[in-house]
Amino acid sequence: MKYRVAVLGAGSWGTALAQVLAENGHDVRLWGHRQSQIDEINQQHTNQKYLPDYHLSMSIRGFSELEQAVQDIDALLFVIPTRAIRSVAQEVVTKLNTKPVIIHASKGLEQETHKRISEILLEEIPSDKRQSIAVLSGPSHAEEVANHDITTITAASTDQKTASFVQKLFMNHYFRIYTNPDVIGVEMGAALKNIIALGAGAIHGLGFGDNAKAAIMTRGLAEISRLGVAMGANPLTFIGLSGVGDLIVTCTSIHSRNWRAGNLLGKGHELSEVLENMGMVVEGVHTTKAAKELAQQVGVDMPITQTIYEVLYENKNVQIAAREIMLRDGKKENEFSRLIF
């Protein structure tokens with residue numbers, strides 16, 4: 001069945017997901033705020049800044065006017081930076097003339113409120129303007145999805161019918177979707193893995209090897225799980241696609257902007273220089289602050305997150321930070337098993 005889907009956000013991930021939807025036969029509208037980019041999508045069928053040398057389906061239509069993009073839609077997909085979710089949701093709710101399924105594929109926590117993205121969407125889009133909300137998340141690089149590399153991710157919703165709808169909307173021979181009712185776990189895993197990816201990149205930039213990379217990923221997963229469970233997540237989610245799966249892909253690949261940013265920090269570059277040269281939002285930087293504050297609020301120990309916060313926001317030397325976290329008091333390893341059992 002053919003559905004009308006508006007994709008809000010013409011970055012690399014939004015563009016790649018729009019292409020998946022178009023290849024699945026849906027009517028896809030891709031919204032972005034830069035007219036020159038929208039003109040390129042409509043006229044050249046490319047998005048060179050975000051997916052260089054890749055040709056988009058000619059059926060994808062670009063829009064810079066939000067009202068035009070969301071008219072008569074069946075589904076609305078947010079793929080924009082976390083900091084913009086609330087303001088765009090407030091604007092879009094005044095433009096809708098249908099009650100679409102709301103999906104988001106963004107990864108982060110809101111500053112100050114520390115809220116997950118689905119919580120923001122629930123607040124800003126009333127029930128008379130939408131159907132249920134779903135989260136699309138998991139181990140995925142836009143570049144590889146665009147190249148039809150085999151990818152498996154999760155559609156999470158508290159409503160099984162909605163999760164199944166999203167599954168059918170996106171799934172094809174290279175893009176496989178699993179459903180999960182644990183929205184909290186999926187969103188927390190998606191947001192927090194970006195913090196650990198910054199650390200993994202910094203470890204590489206400092207010149208450490210595979211032992212150190214394995215250590216930060218494994219202990220990072222323990223931190224993600226502790227905070228996620230404290231917020232109400234199912235601990236089993238963190239050993240699935242949205243937990244360890246997303247953590248692996250984000251901590252080990254040059255495609256990851258968070259890993260690249262951490263790598264530059266490890267090599268001695270200033271944070272302001274790194275962010276200026278990235279050309280895209282590095283969600284892990286903002287999420288580190290939100291997660292550190294949230295962990296303190298609920299009383300959860302997150303030493304890696306705390307250390308990365310000190311590097312990002314207190315100008316702590318990366319080498320000193322790495323040494324100090326290794327010299328912390330000895331701990332038991334089995335806290336993750338206690339979360340499960």
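**Exercise 1. Place K107 in the fold and describe its surroundings.**

Step 1: Find the element. K107 sits in the loop that joins strand 7 (101-104) to helix 5 (117-124). Helices (H or I, at least four residues) and strands (E, at least two) are DSSP runs, numbered from the N terminus. This is a predicted model, where local features need pLDDT of at least 70, side-chain atom pairs count only at pLDDT 80 or more, and totals for chains, interfaces and linings use all residues. Residues are numbered from 1 along each chain as its sequence is written, and side-chain values use heavy atoms, with hydrogens and water left out.

Step 2: Is K107 buried or exposed? K107 counts as buried because its relative accessibility is 13%. Buried means under 20% relative accessible area, exposed over 50%, and partly exposed in between (1.4 Å probe, protein chains only).

Step 3: List the neighbours. Leaving aside residues within four places in sequence, K107 is in contact (heavy atoms within 4.5 Å) with several residues, including G138, S140, K193 and D246.

Step 4: Look at one atom pair. A polar atom of the K107 side chain lies 3.2 Å from the backbone oxygen of G138.

**Exercise 2. Follow the UniProt annotations to K193 and N258.**

Step 1: Read the record. The unreviewed UniProt entry lists K107, G138, S140, K193, D246, S256, R257 and N258 under "binding site". Its "active site" annotation covers K193. UniProt positions are given in the numbering used here, feature names are shortened, and annotations may be inferred rather than shown by experiment.

Step 2: Inspect K193. This residue belongs to helix 8 (residues 183-205) and, with 6% relative accessibility, counts as buried. Beyond four places in sequence, K193 is in contact with K107, I224, D246, L247 and T250.

Step 3: Inspect N258. Helix 11 (residues 257-266) holds N258, which counts as buried at 5% relative accessibility. Not counting residues up to four places away in sequence, N258 touches N194, A197, L198, V282, E283 and G284.

**Exercise 3. Work out how helix 2 is packed.**

Step 1: Which residues of helix 2 (residues 35-43) are buried? They are Q37, I38, E40 and I41. These lie on the same side of helix 2 because they cover an arc of only 155° around the axis, the arc being that of the directions from the helix axis to the C-beta atoms.

Step 2: Find the partners. The buried residues of helix 2 pack against strand 2 (27-31), strand 3 (46-47) and strand 5 (61-63).

Step 3: See what follows. After helix 2 comes H45, with a positive phi near 60°.

Conventions:
Polar contact = N/O pair within 3.5 Å; in protein donor to acceptor, adjacent residues only side chain to side chain.
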